[in-house]
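Q: Got a minute to go through this one with me? I'd like to start with a single residue and work outwards.
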Amino acid sequence: MTTSPSTPGVSPAARRPVRHRGGIRGREGTAGWVFMTPVIVILGLFLLLPIIAAVWVSISDWSGHGSPLDAGFVGAENYQTLLAKPGLSQQNLATSLRNNFYYVILVVPIQTVLALFLASVLNGRRLKGKGFFRTAFYFPSVTSTIAIMTVFLFLFTTTGVVNQMLSWLGLHGPNWFQDPRGVLRLILSGLHLVDTSNPPGWLVNNHFLGMSWYDWLAGPSVAMCALIVLAVWTTGGTFMLMFLAALQDIPDEVVEAARVDGATRWQSFRSVTLPALRPTLFLVVTLGLIGTWQIFDQIYILGGGNPAKTTLTPAYLSYQASFGDGKWGQGAAISFILFAIIIVMTIIQRLVMRERKHLPRRRRFRPAPPIARAEQGATAPAGGTR
Amino acid sequence: MSTIAASPTRAPLAPLSTGRVRHRGWHLLRTVISYLVLIAFAILYIYPFLIEIATSFKTDADATANPLGLIPETWTTKAFQQLASVDFPRWFVNSIVVSVIVTLGRLFFDSLAGYALARLHFLGRRALGGAIIAVMAVPGVVLLIPKYLVLVQLHMFNSYLGMIIPLMADAAGVFIMRQFFIAIPVEVEEAARIDGAGTFRTFWSVVLPMARPALITLTILSFQGSWNEFTHFLISRNSPSLNTLTTGVAQLVSGQFGGSTQFPLKLAAALLMTIPTAVVFFVFQRYFIRGASAGAVKG
């Protein structure tokens, strides 16, 4: 957020010249609304109205024909079918949530650490060719997911690039995008902790959302792991740039002072650099969470959840339920469930990463100024991650 | 270390000097390691693109047999010729039309709104500003179905209008412009006002020209965003003639040729759709990087 430092400097008084009163103020009022009109109309029609429409559709039995307004009211039925009623809909939702959950908890930390790592290496003072490396790492972020996914399909075939490189190490790579086996289960059975042909009864017989614990704990499928690699690879660069910008804002003297005081490099990183990066870290994790819960494009290319629904995600499921199966009510309901998950995850993350005692006194009691709040809001959107 | 031999004058200060030398050695080692790490990652990041380029000039058999090689056994442009026969040029034109109009629209509408929010005094400005920010928090994927519903109701489904208009204003862009206008000194505008220029005139001839850096950033973000946009074009049309590169290539990769291994064809398509963004990226890199940290948002 390069713009942020400049904004608090502009006091409200500076923005509100006292001289313009009466006539000019009135003219400005009209002009203000006229200037805003295009944006209000477009966002109103294609953002606000859709949300309202979707609320209605999610509690109706609209089948895709005729006007949604003529559809019947069914109350919470769609939500019930998805969350409480045993059946295919519930199973699909549970599967998609499981898949996406593993995707999120692996992608977000890995890409954050990678981005921070690359940024710290790149921040070395005496390095030459920084621009080149920065460009190289950032470039995937600006290219289309569809194009990147196409390349990855090629890299991860049975005899593809990745497996050839693994074979140099004497490893036999799987057929990545065709392999539905859960990685956690593979590891556990590899360690002889779980017998996959005869899994423990308590795991198989207990269910949550219509799916057995055993299936919940399968871990991401091999195919999903390839998507995780893709996400980390593409988004790492964007977040690296954010960390790099933040690192460059830390005065060298501060870090040097810590080193002079006898802190090791690692200590000074932990106690000086990391706290200074806190807001950026917060931003990166938030953007990561929001982005990873929305993964869609890659899933579409894989044919909607292949192999064996192990890459199915809620976003795709909602699309498929509506456009594929004509269950528009369920599709809309899934969108709202996804929306709720994103909000809850973001709130949890805010609580966990909240600054505890280091909050400056003056900020602790006063509500955040509107601009600061605005910027926090700005951090939320971002389809940043793929 | 050569430095020891090269500094005989420092001999009396032996303890200090060896300390310094060791220090310098560490620095050198660190720099070397840094470079090694960076180069390793650069290979990881660049090689896939090189493979993409190389493979699109290979034959199918060559691509399968020798995926790592960067030099095709026999150079062929068969993949590109094939693409011409699957409507690829049409998708390309559609992508350009849509992206250019969306970008122009965003430039104009976002800066109008950004200016109003930054400078004009009108009833409800605060509320509108808040609403714009709230809107940014809504995850795009959640809106897929409802957006389709609205497009159908407005009879805009399956038309360029339906593909373009919903993208023509974006909250993030408004926000970027607002932040920029707030930072411009008010005096300039006041001078224009005193000279008798109206609000729009002041905005158009005085303020907008000063906003060049922000406008370039917005142009790049908008172009890249709409060029790479997939989900909106998936739900706003189903006519094949309205395919953009993203929807067309997605179909090509997953459908029609999905089962086959015609990777040169697929990668050639991916390559061609990457080139325009790559050109824009390398020309305006500086602004891209600014945009990434300023907006951190896509459409």
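Q: Where does A:G288 sit in chain A?
A: This is a predicted model, so take everything here as computed. A:G288 is in helix α15 of chain A, residues 278-292.

Q: Is A:G288 buried or exposed?
A: Buried. A:G288 has 26 C-beta neighbours inside 10 Å, and the cut-off for buried is 20 or more.

Q: How far is A:G288 from A:Y79 in space?
A: They are 27 Å apart, C-alpha to C-alpha. In sequence, 209 residues separate them.

Q: Switching to chain B. Which helix holds B:G173?
A: B:G173 is in helix α9 of chain B, which covers residues 171-183.

Q: Why does B:G173 count as buried?
A: Because 29 other C-beta atoms lie within 10 Å of B:G173, and 20 or more is enough.

Q: What does B:G173 touch, sequence neighbours aside?
A: Leaving out residues up to four places away, B:G173 touches B:R106, B:D110, B:L218 and B:S222.

Q: And how far is B:G173 from B:T217?
A: The C-alpha atoms are 9.5 Å apart, with the two positions 44 residues apart in sequence numbering.

Q: How many helices and strands does chain B have?
A: Chain B has 16 helices and zero strands. Of its 299 residues, 49% count as buried.

Q: What share of chain B contacts is long-range, say 24 or more positions apart?
A: 76%, taken over contacts with a separation of 6 or more.

Q: What domains does chain B have?
A: The domain assignment gives domain 1 (2-56) and domain 2 (80-294).

Q: How many residues do those two domains of chain B bring into contact?
A: Four residues of domain 1 contact six residues of domain 2. The domain 1 side has one nonpolar, two polar and one charged residues.

Q: Now the chain-chain interface. How many residues of chain B are in contact with chain A?
A: 86 residues of chain B contact 92 residues of chain A.

Q: Which element of chain B gives the most to that side?
A: Helix α2 of chain B, residues 14-56, with twelve residues.

Q: What classes of residue are on the chain B side?
A: There are 61 nonpolar, 18 polar and seven charged residues.

Q: How many residues are in the largest nonpolar core?
A: It has 173 residues. Those with the most contacts inside the core are A:Y103, A:F152, A:M240, A:F243, B:A113, B:V249 and B:A269. Helix α12 of chain A, residues 222-249, gives the most, with 17 residues.

Q: Where does this core lie relative to the chain B domains?
A: Between them. Domain 1 (2-56) and domain 2 (80-294) of chain B both give residues to the core, so it lies between the two.

Q: Which residues does A:M240 contact?
A: Setting aside neighbours within four places in sequence, A:M240 contacts A:A115, A:L118, A:A119 and A:F137.

Q: Backbone oddities next. Where is the cis peptide bond?
A: It joins A:N306 and A:P307, with omega about -5°. A:P307 lies in the loop between α16 (297-301) and α17 (314-324) of chain A.

Q: What about phi at A:H192?
A: Positive, about 60°, although A:H192 is not a glycine. A:H192 is in the loop between α9 (183-190) and α10 (201-205) of chain A. With 7 other C-beta atoms within 10 Å, A:H192 is exposed.

Q: And phi at B:N158?
A: Also not a glycine, and phi is positive, about 65°. B:N158 lies in the loop between α7 (144-153) and α8 (160-164) of chain B. With 16 other C-beta atoms within 10 Å, B:N158 is partly exposed.

Q: What ipTM does the predictor give the complex?
A: 0.86, with a pTM of 0.85.

Q: And what is the average pLDDT of each chain?
A: Chain B averages 85, and 87% of its residues score at least 70. Chain A averages 83, with 85% at or above that score.

Q: Where does pLDDT stay under 50 in chain B?
A: Over residues 1-17, where the model has seven contacts beyond four places in sequence. Residues 295-299 of chain B are under 50 too, with 20 such contacts.

Conventions:
Residues are numbered from 1 along each chain as its sequence is written. Chains are lettered from A and ligands numbered from 1 in the order in which they are written. This is a predicted model: local features need pLDDT of at least 70, side-chain atom pairs count only at pLDDT 80 or more; totals for chains, interfaces and linings use all residues. Domain bounds come from an automatic or database domain assignment. Ala, Val, Leu, Ile, Met, Phe, Trp, Tyr, Cys and Pro count as nonpolar, Asp, Glu, Lys and Arg as charged, and the others, Gly among them, as polar. Helices (H or I, at least four residues) and strands (E, at least two) are DSSP runs, numbered from the N terminus. A residue is buried if 20 or more other C-beta atoms lie within 10 Å of its own, exposed if 12 or fewer, and partly exposed in between; C-beta atoms are placed from the backbone. A nonpolar core is a set of buried Ala, Val, Leu, Ile, Met, Phe, Trp, Tyr and Cys residues joined through C-beta atoms within 7 Å. pLDDT is the predictor's confidence in each residue, from 0 to 100.
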